[in-house]
Amino acid sequence: MSSLMQLRVFQCHECGHKMRLSGDHCGRCHAIKPAYQGLIYRLALLSPVLVIGVVGIVVLSLV
Ligand SMILES: [Zn+2]
């Protein structure tokens, strides 16, 4: 999970710096990330919780 957070998938719209998935600001010029990038980060954080929840529901429905 921590390695996922270190992925530099976004480029800063201000200076072109490769930004990490985590954090709300560019590491170089401190421009605020576009909102959708923060949303993707939050979805990535939540996805294990969602998977566990879905698996739990499936297991409960089979019992
Ligand atoms: Zn920047």
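The following paragraphs lead through the chain from its overall layout to particular residues in helix H2 and in the loop before it.

The structure is a predicted model. Across the chain the pLDDT averages 83, and 87% of the residues score at least 70. Confidence is not uniform along the sequence: helix H1, residues 2-6, has the lowest mean, at 62, whereas H2 has the highest, at 87. The details of H1 therefore rest on a lower mean confidence than those of H2, pLDDT being the predictor's confidence in each residue.

The chain contains 2 helices and 2 strands, and their order along the sequence is α-β-β-α. Of its 63 residues, 5% are buried. Contacts between residues distant in sequence can also be considered. Among contacts joining residues at least 6 apart in sequence, 4% link residues that are at least 24 apart.

Helix H2 comprises 28 residues. From its first C-alpha to its last it reaches 39 Å, close to the 40 Å expected at 1.5 Å a residue. The helix nevertheless bends by about 40° at Leu46, and a proline, Pro48, follows within four residues. As for its surroundings, H2 lies largely in the open, because the number of its residues that are buried is 1 of 28.

Two residues of H2 illustrate this setting. Arg42 is placed in helix H2 and counts as exposed because it has 10 C-beta neighbours inside 10 Å, where the cut-off for exposed is 12 or fewer. Leu45 also belongs to helix H2. Leu45 has 14 C-beta neighbours inside 10 Å and therefore counts as partly exposed, a class that lies between the limit of 12 for exposed residues and that of 20 for buried ones.

Each of these residues can be related to an earlier part of the sequence. Arg42 and Leu21 are 21 residues apart along the chain, and their C-alpha atoms are separated by 9.5 Å. For Leu45 and Ser22, the separation is 23 residues in sequence and 9.6 Å in space, C-alpha to C-alpha.

The loop between strand S2 (18-19) and helix H2 (35-62) contains His30. The backbone of His30 has a phi near 65°, which is a positive value in a residue other than glycine. His30 is exposed, because 11 other C-beta atoms lie within 10 Å and a residue with 12 or fewer falls in that class. Thus His30 in the loop and Arg42 in the helix are each classed as exposed, while Leu45 is partly exposed.

Methods. Residues are numbered from 1 along each chain as its sequence is written. This is a predicted model: local features need pLDDT of at least 70, side-chain atom pairs count only at pLDDT 80 or more; totals for chains, interfaces and linings use all residues. pLDDT is the predictor's confidence in each residue, from 0 to 100. Two residues are in contact if their C-beta atoms, placed from the backbone, lie within 7 Å. The expected span of a helix is 1.5 Å times one less than its number of residues. The bend at a residue is the angle between axes fitted to the seven residues ending there and the seven starting there.
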